[in-house]
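Here is a short tour of a protein model, written for someone meeting it for the first time. Keep the picture open while you read.

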2 protein chains.
Amino acid sequence: MKLTMRLGVRSYDIVVRRGALARVNQLINLNRKVLVVTDEGVPRRYVEAILAQCGRGVEVCVPQGEGSKSFACLERILTTMLEAGFGRSDAVLALGGGVVGDLAGFAAACYMRGVDFINCPTTTLSQIDSSIGGKTAVNLAGTKNVVGAFHQPRLVVADPDTLDTLPRRHFINGLAEAVKAGLIADEDLFELFETGDADKDLEEILYRSLVVKKNVVENDERETGRRAVLNFGHTIGHGIESAEHLGGLYHGECVALGMLPMIEDETLRSRVKAVYKRLGLPASIEYDGDEIFRFATHDKKASGDAVTVVRVPELGQVRLDKIPLEELRTLIGEGIQ
Amino acid sequence: MKLTMRLGVRSYDIVVRRGALARVNQLINLNRKVLVVTDEGVPRRYVEAILAQCGRGVEVCVPQGEGSKSFACLERILTTMLEAGFGRSDAVLALGGGVVGDLAGFAAACYMRGVDFINCPTTTLSQIDSSIGGKTAVNLAGTKNVVGAFHQPRLVVADPDTLDTLPRRHFINGLAEAVKAGLIADEDLFELFETGDADKDLEEILYRSLVVKKNVVENDERETGRRAVLNFGHTIGHGIESAEHLGGLYHGECVALGMLPMIEDETLRSRVKAVYKRLGLPASIEYDGDEIFRFATHDKKASGDAVTVVRVPELGQVRLDKIPLEELRTLIGEGIQ
């Protein structure tokens, strides 16, 4: 199936199709210099399949994990492009998860002030969420996504076959963003998690999640307003994610936890916890609330003495609230039960 | 006087007025966190004048010169903003020449994916040319401007009083871009250099140059086509500028030299040389042509086996030519006589 993100001259297709990774060159011109960014966790056969389609492919493989969203990795990619003589009409292709996509996308955004970016997400998280919408970034001094750009891809190719090789926990992690999409905008999608089988329903989950995100992004590409609803769960989630000593929770797991205090309806919150239990996502955690608060307010959604949080009053509804920092501190508490 | 760069939601005013530096806060909100980027060559009294107008001003002063357009300086600015708790509604203000403007503008472009940028150019070069149009960048591995963004300022304040403190050579250097503007699009402006007095005519020169640039940028903000005419003189110019052992020529001086081989009319070329002589710009140079060619083709305007150069067939006219790399090598020769 194919969706089109409609953003005027920056419109692009999102192709979700089994086996598509072997046919990217039928969808976009790869007969030019293509910088393929990947990480050590991506199976080599996917990398080889992509390189075989590129006229002049150059690979940069970064270490797996959030640590690669760094200035050092960014500079390495840009220097590689420069040394290989990349011009404005060449391209960057990301093959991997959200880390690779964010890093490669930002490199594409700033090399010669912007070259084509092609995103081939290979994880549940990136196929559901991070590969579309044009947000790219690296981290700085422990703060996530603080340096980046809005740079839309020219094409997104999500091949669900690649999810077969993901470790189970990694696969489930990405579904948290689909639960999020259901909670804020698609009741049927949420109910699919209550009654269906995530493995069997995978393509429907992918599709519905992408539609939710596409509709939001099309109406507020640069997050000057409503797009912030996609940050549901992310304020406290980023805080938890920054506290590495909590056991190295994955992004989706942190978002799952971060959504709970922001759900206002008690019954809905219980339903969400039941879904987490079914899927294998964490539903509770203890932490030092002051620490999580510090990390959370360093986050980009903080401004002055108030912070904008995203709340779900009931299933399929979402609201942006500007609240005093102290109120956020109260919401964070000393853990999530 | 005031010009408005009309770019839809990204439109902004360019204020050219003596004494304006003391009244920037009457033109835009400075009652927020403002990161003031400047360099060691900018007189302290200008810096103090700006900081006095900022509600919460934070200064970063970088070393003078092209070396500050680096990843290291960029990271220093971004880290300072992060540590001072800058949010999306805060701002970056550049106070200085083109180096400071390019560096600060890129920091503003990528901090939290874009915050307000205010440019207060204090050199002839930046008041005439580099402060408007939204091109920001740093250098990488010796190649100029290879990493950057299009990020339009919210306001440009050019106070001609600041030019009084510039060393003479630095003052004249910037006029090369005004000569360029005349050559490509404004015959009267060029003739002003032949018959007038650049010091006395300064404000007219500033104004006319800005109008030329504004008209080009408004029609091709992201340089997908016609905007490239503003690169007249810059292909060979960048090559000369990159060869530091040639005596540390300034940017404008290099552009002045780089324009000469691209002027097709012999008579016009002689008139341009006479203007350079009058102003005190260099009109000839010897160099190793292979070296200049290497630097020039590393430049962002190269693509594949051809390069787009900008040529002036006669006064006020300009043409983009895609030529084979060998032809550029011939144009470069072994120097400019």
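Let's start with helix 8 of chain B, where His234(B), Thr235(B), Ile236(B), Gly237(B), His238(B), Gly239(B), Ile240(B), Glu241(B) and Ser242(B) are buried. That makes nine buried residues out of nine, so this helix, which runs over residues 234–242, is mostly covered because buried here means under 20% relative accessible area. Keep in mind that you're looking at a predicted model.

**Chain A as a whole**

Now hop over to chain A. It holds twelve helices and 14 strands. How does its radius of gyration fit with a compact globule? For 337 residues, such a globule would come out near 20 Å, and chain A has 19 Å, so the two agree. If you follow the C-alpha trace along its principal axes, chain A spans about 55 × 40 × 40 Å.

Plenty of this chain is tucked away: 62% of its 337 residues are buried. What does chain A expose, then? About 12,400 Å², with carbon and sulfur atoms supplying 46% of that area. Contacts in chain A also link distant parts of the sequence: of those with a separation of 6 or more, 72% join residues 24 or more positions apart. As for charges, chain A has 40 positive and 47 negative ones, and their mean positions lie 6 Å apart.

One stretch of chain A comes with a label. According to UniProt, in an unreviewed entry, residues 60–172 carry the feature "domain: 3-dehydroquinate synthase N-terminal". Over that stretch the chain is 34% helix and 29% strand, and the C-alpha atoms at its two ends are 27 Å apart.

**Four buried residues**

Time to zoom in. Each row below gives a residue, its place and its relative accessible area.

| Residue | Place | Relative accessible area |
|---|---|---|
| Asn145(A) | strand 8 (residues 143–150) of chain A | 9% |
| Arg113(B) | loop between helix 3 (98–110) and strand 6 (116–121) of chain B | 5% |
| Phe106(A) | helix 3 (residues 98–110) of chain A | 3% |
| Val157(A) | strand 9 (residues 155–158) of chain A | 0% |

Why does Asn145(A) count as buried? Its 9% falls under the 20% cut-off, so the label fits.

Two of these residues have a backbone angle worth a look. Asn145(A) has a phi near 60°, a positive value in a residue other than glycine. Arg113(B) isn't a glycine either, yet its phi is positive as well, at about 65°.

The other two are good for exploring neighbours. Which residues does Phe106(A) touch, leaving out those up to four places away in sequence? Its partners are Leu74(A), Thr136(A), Ala137(A), Val138(A), Val147(A), Gly148(A), Ala149(A) and, from chain B, Cys110(B). You can also check a distance here: Phe71(A) sits 35 residues from Phe106(A) along the chain, and their C-alpha atoms are separated by 11 Å.

Val157(A) has its own set of contacts, again leaving out residues up to four places away in sequence. Among them are Val15(A), Ala20(A), Leu21(A), Val24(A) and Leu27(A), along with Asn119(A), Cys120(A) and Pro121(A). Between Val157(A) and Arg208(A) there are 16 Å from C-alpha to C-alpha, with the two residues 51 apart along the chain.

Technical notes:
Residues are numbered from 1 along each chain as its sequence is written. Chains are lettered from A and ligands numbered from 1 in the order in which they are written. This is a predicted model: local features need pLDDT of at least 70, side-chain atom pairs count only at pLDDT 80 or more; totals for chains, interfaces and linings use all residues. Side-chain values use heavy atoms; hydrogens and water are left out. UniProt positions are given in the numbering used here, feature names are shortened, and annotations may be inferred rather than shown by experiment. Helices (H or I, at least four residues) and strands (E, at least two) are DSSP runs, numbered from the N terminus. The radius of gyration is taken over C-alpha atoms; the globule rule is 2.2 Å times the number of residues to the power 0.38. Buried means under 20% relative accessible area, exposed over 50%, partly exposed in between (1.4 Å probe, protein chains only). Contact means heavy atoms within 4.5 Å. Accessible areas come from the Shrake-Rupley method with a 1.4 Å probe; for residues, only the protein chains shown count as cover. Lys and Arg count as positive and Asp and Glu as negative; His and the chain ends are not counted. The place of a charge is taken as NZ of Lys, CZ of Arg, CG of Asp or CD of Glu.
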